[in-house]
Amino acid sequence: MSEVGFLFAGFAVFWAGMFTYLVILQVRIRNLQNQVDMLENTIENHDEI
Amino acid sequence: MTFTTQLEIGLKLFNANLKQAWRDKTNWMTAGMFAITALLLYSFAFNLTGGLVRNLLPGVIWTVFLFSGIFATAQSFQQDRQNGILDALKISPIHPMTIYIAKTLTNILMLLLIEFALLLGATILFSEPLFIPQLLLIVTIGTIGYTALSTLLSAINLDRNNGGLLLPVLALPLLVPLLIASVEATSASLQEEANTAPWILLLSLFTIWSAAIATLMFPLAD
Amino acid sequence: MILNNIYELRWKVLPPAAGVAMIGMAALALITAPTEVVEGDVQRLLYVHLPSALASYFAFSVTAVCSVLFLLKRDFKWDSAAQGAAIVGLIFTLLTLMTGSLWGKPIWGVYWQWDPRITTTLILFLIFSAYLIARKSTSLDSDKSARFCSIYAIIGFLDIPLIHMSVRWWRTLHPQPIIAKLNPALPDEMLLVTLVSVLAVILVAAWFITLGIETELLSQRLLKLKAIGKANISEKS
């Protein structure tokens, strides 16, 4: 690999790593939020009955 | 409670721990057997018969010590917990630090016994002068250092069945400074013109550091 | 209170600020910064490598501080924060090691050197991985486990100077291949670019940490809700 190749690889790893982590986090937060909302709704409805 | 009563109770606890360790020897016998087997395995794997012994021996000795020591201390509080002794101690006015120090001293004593025996065996097997005062000092300081940490880590009964397996993974990264310092000190002590001073210094520093932190942290741990 | 205010800003201020800073950093690092005379273009990797390293130390400090706070206050909020920050720290440690290797291959000729700083970073990675494994393998609401892991994180953090010192002595008291001490003092332009990139990556790390904390907090809330749900069901039946 040429010098520029290594530079490119380094930057690619850096940006890809950050974006992947960001996406993973977003998905996790959304999933968790959905589950929390669902459970809260169920519990409230349950109380009313 | 005053310091002297704590000291008295600590000595009594230490005594009781020693008796207990003596009664069910299986744990310590297993650790000793493990150490011997590992030493033999290393000597086959690295062919520790030629002139290379002196270069490889420090690393071999210390990895054997660390692994067997950590496995042996992993279950330190297991029995006390099962018999309800730990709970009884916790509600008693005995300071947690006293409990911790008594247990650590027991572990140190038992491990030193195993390690000195192993050094004696290795002296005969590899015809290297391993049973020398300087090396015994290094082994003692190093053992105090790693036992202080591994006893603290063993105190916590993580609510899982393979907690024993987790302990080496947790302890070994923390013990890198100790391993480096003791291996280097050991290999320096085996040289003709020994200059062990900087490594013994680092080893002592680590030992003091780990003993102090572990003693302070134990009351928070369990 | 101040902490809560800062925390509220996680969606308003941090993402745009971090985004702008990151784009600025990329532009500065790849275009504006002068090419280094000895190393050539590869040297530009410094602008992602050094900030990543600093960001990982920043994240691990957050873990250690939150662990202390957890032990003092016994509020699971701090336990969540410590975990969230530890994951971010691990990500940036990994990025540091990878960009460092990719710089090392053309400059040193090898991907890996047992250099004190590299080795310390690797051990740091192991320690906080072990921390996360221990924490994740036990139940989230276990007070005992949270306490233990906090203690472990604190010990691990305090171990860093000793690790660094021992590895440095280990390397320097041995004969070693000469590692060229390159760029001892950076020229002004490079220094500026470095500062901007450090700022950018620290901002990103801060944002990630808040997101990580949010996931951990949500997981704990979910756990509590499940417990309530179970209690309700058994009550009715």
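**Chain contacts and local features of the predicted complex**

A positive phi of about 45° is adopted by B:S127, immediately after α6(B). The helix that precedes this residue, α6 (residues 96-126) of chain B, comprises 31 residues. From its first C-alpha to its last, helix α6 of chain B reaches 44 Å, close to the 45 Å expected at 1.5 Å a residue. These features, like those that follow, belong to a predicted model. For the complex, the predictor reports an ipTM of 0.86 together with a pTM of 0.87.

Chain A contains 1 helix and 0 strands. Along the principal axes, the C-alpha atoms of chain A fill a box of roughly 70 × 10 × 5 Å. Chain A has 49 residues, of which 12% count as buried.

With respect to the association of the chains, 2 pairs touch, and the pair formed by chains A and C has the most contacts. To this contact chain A gives 24 residues and chain C gives 29 residues. On the side of chain A that touches chain C, 15 residues are nonpolar, 6 are polar and 3 are charged. Chain A and chain B, by contrast, are joined by no contact. The closest C-alpha atoms of chains A and B lie 25 Å apart.

Confidence within chain C varies along the sequence. The mean pLDDT of chain C is 83, and 89% of the residues of this chain reach 70 or more. In chain C, the highest confidence is found in helix α3 (residues 46-73), at a mean of 92, and the lowest in helix α1 (residues 2-8), at a mean of 66. Over residues 175-181 of chain C, pLDDT stays under 50. For this segment of chain C, the model has 4 contacts beyond four places in sequence. Where pLDDT is low, predicted coordinates should not be read in detail.

A further position considered in chain C is C:Q113, located in the loop between α4 (76-108) and α5 (116-136) of that chain. C:Q113 counts as partly exposed because 18 C-beta neighbours lie inside 10 Å, whereas a buried residue would require 20 or more and an exposed one 12 or fewer. In sequence, C:Q113 is separated from C:L158 by 45 residues. The C-alpha atoms of C:Q113 and C:L158 are 24 Å apart in space.

Conventions. Residues numbered from 1 in each chain as written. Chains lettered and ligands numbered in written order. Predicted model: local features only at pLDDT ≥ 70, side-chain atom pairs only at ≥ 80, totals over all residues. Contact = placed C-beta atoms within 7 Å. Nonpolar A, V, L, I, M, F, W, Y, C, P; charged D, E, K, R; others polar. pLDDT = per-residue confidence, 0-100. Helix = DSSP H or I, 4+ residues; strand = E, 2+ residues; numbered from the N terminus. Expected span 1.5 Å × (residues − 1).
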